[in-house]
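Reader: Hello! I am new to this structure and would like a close look at one part of it, the pocket and what surrounds it. Could you take me through it slowly?

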Amino acid sequence: MGNEGLIAAVIDSGPIIHLAEIGCLPLLRIFSTLHIPDAVWYETVGQGRVLQEELLKIDIIKRHALSPVEINQFTTEKGFKKLDDGERECLYLCKQISVPLILTDDLAVRDAANLLNIIPVGSLGIVVKAYKSGQISLSEAERIINALYDISSLFVTRGIVEIAIEELYKRFPHE
């Protein structure tokens with residue numbers, strides 16, 4: 001299967017780390033391209049939290065070196081000083097290359113994305129999308145969602161996990 005019909009996303013460190021912790025980085029292939037700013041690369045690969053080989057196996061990665069001056073200007077303009085470097089670079093990159101989707105597990109980044117009309121999707125949402133696009137089975141999706149809660153370092157409540165599992169059982173609008 002090619003990448004037709006898939007969309008591009010900018011990805012923050014959280015989903016990379018959490019999916020890697022449970023051996024599920026290949027789920028990210030549901031996107032046509034994953035844009036990764038250098039700060040996120042440093043937070044994941046550079047700090048040894050994810051193996052470069054594992055990330056590059058996904059084969060849809062595009063790294064971006066961004067201008068610190070432009071990032072600082074964007075950060076000041078938008079009031080995003082409290083976000084970390086990778087988060088700011090992700091939001092800036094979404095706007096810079098017109099990608100309307102950011103993959104992040106951070107609540108503050110999700111709020112900032114909403115202000116910028118960027119759609120935030122977290123690790124649990126990636127699993128739901130993988131299931132709904134036919135990339136994984138229902139039982140596999142449930143197993144992965146539970147593994148994100150039980151095994152990974154993702155901070156999420158059991159209630160949110162249950163909502164994600166319920167989402168798996170919702171019928172598609174066109175069915």
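What supplies at least two residues each to the lining of the largest pocket?

Author: Happy to help! This is a predicted model, in which local features need pLDDT of at least 70 and side-chain atom pairs count only at pLDDT 80 or more, while totals for chains, interfaces and linings use all residues. Residues are numbered from 1 along each chain as its sequence is written, and side-chain values use heavy atoms, with hydrogens and water left out.

Four elements each give at least two lining residues: α6 (107–115), β5 (119–121), α7 (123–132) and α9 (158–169). Helices (H or I, at least four residues) and strands (E, at least two) are DSSP runs, numbered from the N terminus. A pocket is an open set of points on a 1 Å grid over the protein atoms alone, where a 1.4 Å probe fits and protein lies on both sides within 12 Å along at least five of seven lines; its lining residues have an atom within 4 Å of a point.

The largest pocket holds about 530 Å³ of space, a volume being the space filled by probe spheres set on points that are joined across faces, edges and corners. Twenty residues line this pocket, and Arg-110, Gly-122, Leu-124, Gly-125 and Ile-160 are the closest to its centre. Sorted by class, the lining has eleven nonpolar, four polar and five charged residues; here Ala, Val, Leu, Ile, Met, Phe, Trp, Tyr, Cys and Pro count as nonpolar, Asp, Glu, Lys and Arg as charged, and the others, Gly among them, as polar.

Let us stay with α7, which provides the largest share of that lining, five residues. Within this helix, Ser-123, Leu-124, Ile-126, Val-127, Val-128 and Ala-130 are buried, where buried means under 20% relative accessible area, exposed over 50%, and partly exposed in between (1.4 Å probe, protein chains only). Among the elements that cover the buried residues of α7 are α1 (13–21), β4 (101–103), β5, α8 (138–150) and α9. Just after α7 comes Gly-134, with a positive phi of about 80°.

α1, one of those covering elements, is itself mostly covered, with seven of its nine residues buried. They are Ser-13, Gly-14, Pro-15, Ile-16, Ile-17, His-18 and Leu-19. Here too a glycine follows the helix: Gly-23, just after α1, takes a positive phi of about 70°.

From β4, another cover of α7, we can step to Leu-103. Not counting residues up to four places away in sequence, Leu-103 touches Ala-9, Val-10, Ile-11, Asp-12, Pro-15, Leu-28, Phe-31, Leu-34, Val-121 and Ile-126, and contact means heavy atoms within 4.5 Å. Leu-103 also stands out in the largest nonpolar core: of its 59 residues, Leu-28, Phe-31, Leu-91 and Leu-103 touch the most other members. Such a core is a set of buried Ala, Val, Leu, Ile, Met, Phe, Trp, Tyr and Cys residues joined through side-chain atoms within 4.5 Å. In soluble globular proteins, nonpolar side chains tend to be buried together.

The loop between α5 (85–97) and β4 holds Val-99. Val-99 is buried, at a relative accessible area of 7%, and leaving aside neighbours within four places in sequence, Val-99 contacts Ala-8, Ala-9, Val-10, His-35 and Cys-94. Ser-98 sits in that loop between α5 and β4 as well, but Ser-98 counts as exposed, with 62% relative accessibility. Although not a glycine, Ser-98 has a positive phi of about 55°.

To finish, let us look at the aromatic rings, of which there are two pairs in the structure. Phe-74 and Phe-80 make an edge-to-face pair, 5.8 Å centre to centre with 65° between the planes. Rings of Phe, Tyr and Trp (its six-membered ring) pair if their centres lie within 6.5 Å; planes under 30 degrees apart count as stacked, over 60 as edge-to-face and the rest as tilted. Phe-74 is buried at 8% relative accessibility, and Phe-80 is buried at 7%. Phe-74 also pairs edge-to-face with Tyr-92, at 5.4 Å centre to centre and 70° between the planes. That pair links distant parts of the chain, with Phe-74 in α4 (residues 68–78) and Tyr-92 in α5, 18 residues apart. Tyr-92 is buried too, with a relative accessible area of 7%, and Phe-74, Phe-80 and Tyr-92 form one aromatic cluster.
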